[in-house]
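Welcome! Here are a few short exercises, each with a worked solution, to help you find your way around a new structure. Try each task yourself before you read on.

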Amino acid sequence: MKSDIRLFFNKILSRMKFMKSLRFRIFVILVIVSYVPTLLMRYGILQNYEERAVSLRIQEVENQTMILANHLAANNYLQDTSLETINAELLQLSNLYDGRVLVIDQNFNVVKDTYGISEGKTIISEEVIRCFKGKNTSSYDKDNQFIEMTTPITLSTEAAGKEPKMPSEDGTLENQVVGVMLTSVSTDNVTTNIEILDGKASILQLLLLILAVALSWIVSRILVRPFERVTASISAVKDGYDTEALDVSDYSETEHIITAFNELLKRMRVLDESRQEFVSNVSHELKTPITSMKVLADSLIAQEDVPVELYKEFMTDIADEIDRENKIINDLLSLVKMDKTAADLNIESVNINGLIELILKRLKPIAGQKDIDVIYESVRDVTAEVDEVKLTLAISNLVENAIKYNEEHGYVKVTLDADHQFFTIVVEDNGMGIPEESKEHIFERFYRVDKSHSRKIGGTGLGLAITRNAILMHRGAIGVESEEGKGTAFYVKIPLTYVSK
Ligand SMILES: Nc1ncnc2c1ncn2[C@@H]1O[C@H](COP(=O)(O)OP(=O)(O)O)[C@@H](O)[C@H]1O
Ligand SMILES: [Mg+2]
């Protein structure tokens, strides 16, 4: 059910793409932030006005009724309701405030009603009872739009006709409440005023809303512009990365995007350069054997009556060049395979001792040509999770190098060891060694310390690059130690269990 609802909202969101935009969100927030206060203000002001208007009216009417109550008391109106002057005053009061006045005596009998309908009836209400204790009360009935108030008619024990006295709170002895005036006045005019005010406020509010929408629209546009600029400049670069590094730095946020993008750009440039270099190296390497073949073939063609021996000799050279071309292509293919992601690894549990023994057995004939002694020392039996084919290629290259770049009657020693986490293979020789300045380059593609020498012994310069890639794919490491003229040792360290990330 919940997921249904989410699905529904996602659907709406994806339909209305603009809702996802930062600009739309800023716009909505700005409109709300600027409009809600006007709503609150309007409500608050109107509320305040109403309270104030009602309380003013209560005060005004209260003053009048108190004067009148004193007149009533002074003239003994409760005993004789036929007094014309008082009746006129009562009527005037009720007319003036569009209301009604009831005069109630001590027995809760209505002795006078300006409407003339309730005379003779009895009214016992909380307000009236409280008023008999000397308190005037007032209450505002908002729904029916009137104020009802009670005023005590107090008989002073001293002579009547004195200044009107405030009814005492504690009902002091000298003031005796003999009756109550129950006055209700209409607040129609307050309501009317509120309606008028509300109407004006609505118009003002509408204008403010329009203003808020317009300003928010503009401001949201301005706020989002740097992001649009970033997108625009990234798009401009997309067409070819020889454009300059970007520079859009309005916000620290866009600056971060730009910095990250520029770094990416830099990396792509490096990658692009190295790829170009690789391609040009490849072309060059592939061209060399072809050039040789062409020279050999041309010189045969140019000569008349070439002896068969020369033909044979040249053809052997040409066949050698073809072998070389073949080797370069094979190495390139191996390298490309190793360049792929770890997903292409074919991991199995492999006995490393067996793997090394097989490699050495295969290479021994080559070693025998130079009378090189191949020694294998296995400290312990090691089984690890590796890609057998790729690891074999990597170790073969190391042992092959140790044989190739060795002197006559030298030795090659391979040592296998392991701890609880890694296994290590050391390939050591007492050959020519690697010059100090070349050490950092030997793993580069096509790098050879001595091009002509390496070429003579069939090197392509790709062997160590392939080895390094294969070991890195296994999340391992490779290092080299070498001294010129003394010998070289390659150290390989690979985890026993393969953990794919
Ligand atoms: N065991 C070693 N002893 C001396 N030099 C080595 C050894 N292994 C590699 N090198 C040097 O490193 C270079 C790169 O090796 P590699 O990538 O296998 O290319 P290559 O195809 O020339 O063997 C070689 O040309 C060689 O000069
Ligand atoms: Mg090699």
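The structure holds 13 salt bridges. Keep in mind that this is a predicted model.

**Exercise 1.** Find which strands are tied together by the salt bridge between aspartate 113 and arginine 100.

*Solution.* Start with the contact: the two side chains meet with 2.8 Å from N to O. Next, place each residue. Aspartate 113 belongs to strand β2 (residues 110-113) and arginine 100 to strand β1 (residues 99-105), so the bridge ties together parts that are 13 residues apart in sequence. Finally, check the surroundings: both aspartate 113 and arginine 100 are buried.

**Exercise 2.** Decide whether arginine 448 is buried or exposed, and do the same for glutamate 285.

*Solution.* These two side chains also form a salt bridge, at 2.5 Å from N to O. The pair links distant parts of the chain, 163 residues apart: arginine 448 sits in the loop between β10 (422-429) and α10 (451-456), while glutamate 285 is in helix α6 (residues 252-302). Now apply the cut-off: buried means under 20% relative accessible area. Arginine 448 has 8% relative accessibility, so it counts as buried. Glutamate 285 has 6%, so it is buried as well.

**Exercise 3.** Work out how many residues separate aspartate 298 and lysine 294 in helix α6, and how each one is exposed.

*Solution.* Both residues lie in helix α6, four residues apart, which is about one turn of the helix. Their side chains meet in a salt bridge of 3.5 Å, N to O. For exposure, the limit for exposed is over 50%. Aspartate 298 has a relative accessible area of 36% and is partly exposed. Lysine 294, at 52%, counts as exposed.

**Exercise 4.** Identify side chains that make polar contacts with ligand 1.

*Solution.* Begin with the setting: ligand 1 is surrounded by 20 residues, and the closest are Tyr405, Ser454, Thr460, Gly461 and Leu464. Then look at the polar atoms. Asparagine 401 places a polar side-chain atom 2.8 Å from an oxygen atom of the ligand. In lysine 404, a side-chain N or O atom is 3.4 Å from an oxygen atom of ligand 1. The side chain of threonine 488 has an N or O atom 3.3 Å from a nitrogen atom of ligand 1. As a last step, consider cover: taken alone, ligand 1 exposes 530 Å², and the protein buries 97% of that.

Key
Residues are numbered from 1 along each chain as its sequence is written. Chains are lettered from A and ligands numbered from 1 in the order in which they are written. This is a predicted model: local features need pLDDT of at least 70, side-chain atom pairs count only at pLDDT 80 or more; totals for chains, interfaces and linings use all residues. Side-chain values use heavy atoms; hydrogens and water are left out. A residue is near a molecule or strand if one of its heavy atoms lies within 4 Å of it. A polar contact is a pair of N or O atoms within 3.5 Å; within protein, one must be able to donate a hydrogen and the other to accept it, and residues adjacent in sequence count only if both atoms are side-chain atoms. Accessible areas come from the Shrake-Rupley method with a 1.4 Å probe; for residues, only the protein chains shown count as cover. A salt bridge is a side-chain nitrogen of Lys or Arg within 4 Å of a carboxyl oxygen of Asp or Glu. Helices (H or I, at least four residues) and strands (E, at least two) are DSSP runs, numbered from the N terminus. Buried means under 20% relative accessible area, exposed over 50%, partly exposed in between (1.4 Å probe, protein chains only).
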